[in-house]
Amino acid sequence: MSAPGESRAARAAPRDRARVGNWLALFALAGIAAALLPLHGDRWWIAAPPPARSWLAALVAVAWVTGSAGILWRARRAARPREAADAASGENAGDSDWLVLHASQTGYAEDVAARTTAALRSAGQRARLRGLAQVDLAMLAAARRVLFIASTTGEGDPPDPALAFVRDVMRPGTLLPGLQYAVLALGDRSYHHYCGFGHQLERWLRDAGGEALFDLVEVDNGDPAALRHWQHHLGVATEATGLPDWAPAEYPAWTLAGRVELNSGSGGAGVYELRLAPPAGAAASWRAGDIAEIGPRQSPAAVTALLAQLRLDPATQVRVPETPGVADSAGMADAAGTASLADVLGRSHLPDPAAASGLAAAALAAVLQPLPPREYSIASIPSEGDMRLLLRRMLRPDGTPGIGSGWLCDHVAVGGPVALRIRANRNFHGPDTQRPMLLIGNGTGIAGLRAHLAERIAAGARRNWLLFGERHADRDFHFGDRIAAWLAAGELARLDLAFSRDSTGATATLPAGAPADGRAGVHDGHVQDALRAQAARLRAWVDEGAAVYVCGSLRGMAPGVDGVLRDVIGRAGVDAMLADGRYRRDVY
């Protein structure tokens with residue numbers, strides 16, 4: 001199997017070189033035979049050759065044997081790393097019982113797929129784990145049973161790494177008779193096309209003649225009950241119904257070391273920078289592009305009001321509900337597995353008071369559903385000393401803050417604990433530092449882009465171009481001082497800004513310290529307008545092999561940037577960049 005991110009052309013190249021080599025060898029042998037033919041006499045088939053010709057024949061034979069042995073040795077040497085990799089991972093490319101495929105935008109589907117593969121192997125099954133980008137029709141047709149773990153991004157769209165599979169494999173009229181499959185669709189029910197790509201995949205497999213092992217399973221925001229349902233089906237399909245539940249992810253207690261509002265007086269919602277310190281003695285590690293998953297809590301006032309309405313004592317000790325796949329965040333339960341009712345409520349969806357009326361504390365705790373974790377792009381790198389997050393304080397229609405942003409921006413005290421774990425997001429890790437990089441984003445999307453800049457600059461990369469858009473230059477240019485310093489030091493090659501509520505279009509709105517040497521510009525409109533204004537430079541950077549990373553809002557910015565890229569580079573060029581991993585997005 002090929003390595004992740006390797007293109008089909010790269011995989012085909014060794015086979016093409018082998019064919020060319022075989023034909024050249026045949027032509028060379030034919031030429032040698034033709035050259036030796038005139039040396040034979042009339043009775044060549046029975047006459048003994050002269051001694052000189054005997055030595056020549058012996059040398060030719062030795063050369064042929066040596067060349068053949070060399071070819072065989074090189075082939076075995078090339079195969080050895082692949083065999084070792086399959087052996088180390090417990091995978092056998094030829095006779096695996098299961099093929100587990102993931103289509104992941106932020107790494108969560110890949111994480112679930114890895115746990116699915118581990119569960120199959122623990123049941124004595126042979127299983128391979130692959131990303132959809134590594135799969136072609138031949139591999140799919142040769143598979144016995146295939147499990148798809150598919151995320152949906154936006155309003156029903158496939159994740160970026162799955163686009164090549166959609167284009168090259170998911171074609172109408174494809175036939176996969178006898179294929180047994182199942183689909184786990186990950187999504188967010190707040191979107192209209194909930195689990196859209198998972199359903200699209202399932203319809204295509206059904207139309208192709210595949211046989212469903214069991215019905216499609218939908219997972220709303222990591223719902224543990226849905227994941228347990230998937231595990232149940234795995235147990236039935238493998239005849240291993242005693243499979244243990246997946247171990248809950250651990251959310252250690254980090255400390256909120258600092259919090260500051262960055263855009264006071266802005267026309268938009270408040271944006272806060274948070275600094276978090278890892279648990280004492282813990283060595284936290286992450287890469288630019290990784291995700292901070294945080295276990296939020298309800299407003300203390302909302303919990304107090306509900307308990308008062310239900311006439312229940314907040315201090316009553318109750319058993320913490322078991323929630324496989326969701327953490328017992330930051331040591332909520334004691335050694336006996338209990339916690340106060342107020343604590344359990346704080347980490348759960350608050351029930352309807354009418355439905356919960358009359359329930360005893362233990363009965364209420366037993367029916368509570370835990371809050372799913374919230375995901376935030378990390379804005380710093382470990383060498384900077386702490387973890388930085390950037391989030392917008394979201395407000396409900398009644399003016400109260402949302403659960404996640406309300407907990408982090410309003411309720412948790414500086415110095416207080418925050419349940420947090422780091423999740424790798426390999427789809428948004430940076431390219432090789434020798435490759436130029438365009439970083440495009442808006443709003444709080446600057447968080448992920450800042451981490452990439454910090455990581456590349458620390459590694460000595462200087463071919464970095466940032467395009468950023470927000471409302472007002474004087475209030476909404478988050479991390480502006482740091483970015484201006486990078487630009488002044490030559491660590492940022494180019495900076496283009498767009499502030500939609502400013503209409504100056506002049507360099508006067510550049511941040512203090514930014515050099516006025518033509519390496520920075522401010523544009524009217526949005527960040528996609530700034531990108532279009534730099535079309536010639538964009539085309540030149542892409543021709544030099546630059547990678548394009550986009551982080552920010554899914555609506556407006558991301559499709560706008562994608563449209564400019566397709567207008568300037570061409571649809572085929574953008575599709576090729578997606579397939580090669582040079583165009584990546586972390587949008588929400």
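In the predicted model, strand E4 and strand E5 (residues 211-212) are paired in the parallel sense through two bridges. Within this pairing, Gln-180 is placed opposite Glu-211 of E5. The connection between the two strands is made by helix H6 (residues 196-207), and E4, H6 and E5 together constitute a right-handed β-α-β unit.

Strand E4 is also paired with strand E3 (residues 145-151), again in the parallel sense, over seven bridges. Here Arg-145 stands opposite Gln-180 in E4. Gln-180 is thus a residue of E4 that faces Arg-145 and that also faces Glu-211 in E5. From E3 the chain passes through helix H5 (residues 163-168) before entering E4, and this β-α-β crossover is likewise right-handed. A further parallel pairing links E4 to strand E6 (residues 217-220) by four bridges. In that pairing, Ala-185 has Glu-218 of E6 as its bridge partner. Strand E4 (residues 180-187) is largely enclosed by the rest of the structure, because seven of its eight residues are buried.

A second group of strands shows antiparallel pairing. Six strands are arranged as an open sheet in the order E12-E9-E14-E7-E8-E13, and the pairing is antiparallel. Its edges are formed by strand E12 (374-377) and strand E13 (387-392), each of which pairs on one side only. From one strand to the next, the twist averages 40 degrees. Within the sheet, strand E7 (residues 253-261) and strand E8 (residues 271-277) run antiparallel and are joined by six bridges. One of the positions in this pairing is Thr-255, which stands opposite Ala-277 in E8.

Helix H12 (residues 403-411) lies across this sheet, over E7, E8, strand E9 (291-295), E12, E13 and strand E14 (417-423). The helix runs at about 65 degrees to E12. Cys-409 has a relative accessibility of 5% and is therefore classed as buried, the limit being under 20%.

Cysteine environments were considered further. Cys-551 is buried as well, since its relative accessible area is 0%. In general, a disulfide is a covalent bond between the sulfur atoms of two cysteines. A search of the whole structure returned zero disulfides.

The surroundings of Gln-528 were examined next. This residue is located in helix H16 (residues 527-533). Its relative accessibility is 15%, so Gln-528 counts as buried. When residues up to four places away in sequence are left aside, Gln-528 is in contact with Gly-556, Met-557, Gly-560, Val-561 and Val-564. Helix H18 spans residues 557-569 and includes Pro-559. The C-alpha atoms of Pro-559 and Gln-528 are separated by 9.0 Å, although the two residues are 31 residues apart along the chain. Pro-559 has a relative accessibility of 46% and therefore counts as partly exposed, whereas Gln-528, at 15%, counts as buried.

How values were computed:
Residues are numbered from 1 along each chain as its sequence is written. This is a predicted model: local features need pLDDT of at least 70, side-chain atom pairs count only at pLDDT 80 or more; totals for chains, interfaces and linings use all residues. Side-chain values use heavy atoms; hydrogens and water are left out. Two strands pair if DSSP finds at least two bridges between them. Axes are lines fitted to C-alpha atoms, for helices over the stretch in contact, and angles run from 0 to 180 degrees between N-to-C directions. Contact means heavy atoms within 4.5 Å. Buried means under 20% relative accessible area, exposed over 50%, partly exposed in between (1.4 Å probe, protein chains only). A disulfide is a pair of cysteine sulfur atoms within 2.5 Å. A crossover is right-handed if, with the strands pointing away from the viewer, the path from the first strand over the helix to the second runs clockwise.
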